[in-house]
Amino acid sequence: MNTRVWMGILLPFLGTSLGAAMVFVLKDRISDGVQRMLTGFAAGVMVAASFWSLLQPALDSAEQHMGRLSFIPAVAGFLVGIGFLLLLDNVTPHMHMDEQTEGPRSRLKRTTKLILAVTLHNIPEGMAVGVVYAGWIAGETGVNRTAAFALALGIALQNFPEGAIVSMPLRAAGMPKARTFWYGVLSGVVEPVAALITIVAARTVVSVLPYLLAFAAGAMMYVVVEELIPEMSEGKHSNVGTVAFALGFVLMMVLDVALG
């Protein structure tokens with residue numbers, strides 16, 4: 001793999017690490033306005049990418065072998081991706097929990113569970129980046145390097161507040177800053193690992209690529225609908241998140257369509 005691929009698969013991990021580093025900068029947490037803006041922008045990028053970078057290439061790739069039945073891999077992969085994230089949400093705690101009324105010991109226990117939740121949710125996001133780069137490497141129709149990088153950037157922006165969500169509650173529970181930072185960093189390690197495994201698997205069995213593309217789309221759409229849209233819309237001045245969503249969607253559409 002070339003340097004551009006490595007940069008793309010490491011970018012989401014960098015977003016998580018920078019978010020975890022906020023424990024050294026912020027006294028409390030990321031401001032609501034900034035978090036809504038980042039969340040909305042990432043949601044817009046991920047919605048646009050789910051179609052133009054994942055579902056459309058899945059349909060185009062399957063059409064070469066299945067003709068009018070090319071929707072089958074897209075439907076199957078998309079629903080399995082939704083189901084996989086639904087399963088994760090039922091076996092792990094919700095990623096964003098209110099800890100303001102808890103004591104240090106109870107807060108630390110819940111934050112430990114939160115680390116597991118964030119880590120597991122990072123796996124399909126790493127797969128999404130990996131499968132797009134696998135499609136670009138394989139020369140699949142509709143997959144281009146610029147769109148793959150934009151997708152990685154959108155996920156990195158989403159991971160930024162998640163890194164802080166892991167490290168800052170641990171600090172509030174009394175853990176040293178350096179240790180909380182490394183816990184936040186470690187929660188994102190699974191993303192480049194999942195991306196690499198997906199690239200290797202897709203290159204080995206090219207026929208599964210449409211299913212993997214659609215799976216990644218389903219997983220990302222679940223994250224957007226279940227996690228990002230509620231976050232960007234809650235509280236006052238939620239229109240900041242809506243505007244950021246529109247900008248992220250348009251940017252991803254332009255990158256994927258105009259530069260494809």
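## Exercises on an all-helix predicted model

Helix H3 (residues 71-91) is the top contributor to the nonpolar patch, with four residues. Keep in mind while working that the model is predicted.

### Exercise 1: The nonpolar surface patch

Task: Work out which residues make the nonpolar surface patch, and place Met66 and Leu79 in their helices.

Solution:

1. Start with the members: Met66, Leu69, Phe71, Ile72, Val75, Leu79 and Tyr211 form a nonpolar surface patch of about 610 Å².
2. Next, look at Met66, which lies in helix H2 (residues 32-66). Its relative accessible area is 31%. Patch members need over 30%, so Met66 passes that cut-off with its 31%.
3. Now turn to Leu79, a residue of helix H3. With a relative accessible area of 54%, Leu79 is exposed, because the exposed class begins over 50%.
4. Finally, check a distance: 8.7 Å separates the C-alpha atoms of Leu79 and Ala219, which are 140 residues apart along the chain.

### Exercise 2: The overall fold

Task: Describe the secondary structure of the protein chain and how its contacts are spread along the sequence.

Solution:

1. Count the elements: the protein chain has nine helices and zero strands.
2. Write them in sequence order, and the pattern reads α-α-α-α-α-α-α-α-α.
3. Consider contacts with a separation of 6 or more: 84% of them join residues 24 or more positions apart.
4. Add burial and surface. Of the 260 residues, 52% are buried. The chain exposes about 11900 Å², and carbon and sulfur atoms supply 68% of that area.

### Exercise 3: The largest nonpolar core

Task: Find which residues touch the most other members of the largest nonpolar core, and which helix gives the largest share.

Solution:

1. This core holds 47 residues, and those touching the most other members are Ile9, Leu54, Val131, Tyr133, Leu151, Met220 and Met252.
2. Map the core onto the helices: helix H1 (3-20), H2, H3, helix H4 (104-137), helix H5 (145-172), H7, helix H8 (209-233) and H9 each supply at least two of its residues.
3. Pick out the main supplier: H8 provides the largest share, 12 residues.
4. Zoom in on Ile9. Beyond its neighbours within four places in sequence, Ile9 contacts Val129, Tyr133, Pro192, Ala195, Leu196 and Ile199.

### Exercise 4: Two glutamates

Task: Decide whether Glu191 and Glu125 are buried or exposed, and list what they touch.

Solution:

1. Glu191 sits in helix H7. Its relative accessibility is 1%, so Glu191 counts as buried, since the buried class lies under 20%.
2. Glu125 sits in helix H4. At 2% relative accessibility, Glu125 is buried too.
3. Leave out residues up to four places away in sequence. Glu191 then touches Pro12, Thr16, Asn122, Glu125, Gly126, Ile155 and Asn159.
4. With that filter applied to Glu125, the residues touched are Ile155, Gln158, Asn159, Glu162, Glu191 and Val223.
5. Put the two lists side by side: Glu125 appears among the contacts of Glu191, and Glu191 appears among those of Glu125. Ile155 and Asn159 touch both glutamates.

### Exercise 5: Distances between sequence-distant residues

Task: For Asn239, Ala246 and Val200, give the helix, the accessibility and one C-alpha distance.

Solution:

1. Asn239 belongs to helix H9 (residues 239-258) and is partly exposed at 48% relative accessible area. The C-alpha atoms of Asn239 and Arg36, 203 residues apart along the chain, are separated by 9.1 Å.
2. Ala246 is also in helix H9, and its 37% relative accessibility makes Ala246 partly exposed. From its C-alpha atom to that of Gly44, 202 residues apart along the chain, the distance is 6.0 Å.
3. Val200 lies in helix H7 (residues 190-204) and is exposed, with a relative accessible area of 53%. Val200 and Gly130 are 70 residues apart along the chain, and their C-alpha atoms are separated by 8.9 Å.

### Exercise 6: Confidence

Task: Find where pLDDT stays under 50, and say how the helices rank at the two extremes.

Solution:

1. Begin with the whole chain: the average pLDDT is 79, and 84% of the residues score at least 70.
2. Among the elements, H1 has the highest mean pLDDT (89) and H4 the lowest (71).
3. Residues 95-104 keep a pLDDT under 50, and the model has 22 contacts for them beyond four places in sequence.
4. Coordinates predicted with low pLDDT should not be read in detail.

How values were computed: Residues are numbered from 1 along each chain as its sequence is written. This is a predicted model: local features need pLDDT of at least 70, side-chain atom pairs count only at pLDDT 80 or more; totals for chains, interfaces and linings use all residues. Side-chain values use heavy atoms; hydrogens and water are left out. Patches are made of residues with over 30% relative accessible area and no salt bridge: like charges are joined within 9 Å, nonpolar side chains (Val, Leu, Ile, Met, Phe, Trp, Tyr) within 5 Å. Accessible areas come from the Shrake-Rupley method with a 1.4 Å probe; for residues, only the protein chains shown count as cover. A salt bridge is a side-chain nitrogen of Lys or Arg within 4 Å of a carboxyl oxygen of Asp or Glu. Buried means under 20% relative accessible area, exposed over 50%, partly exposed in between (1.4 Å probe, protein chains only). Contact means heavy atoms within 4.5 Å. A nonpolar core is a set of buried Ala, Val, Leu, Ile, Met, Phe, Trp, Tyr and Cys residues joined through side-chain atoms within 4.5 Å. pLDDT is the predictor's confidence in each residue, from 0 to 100.
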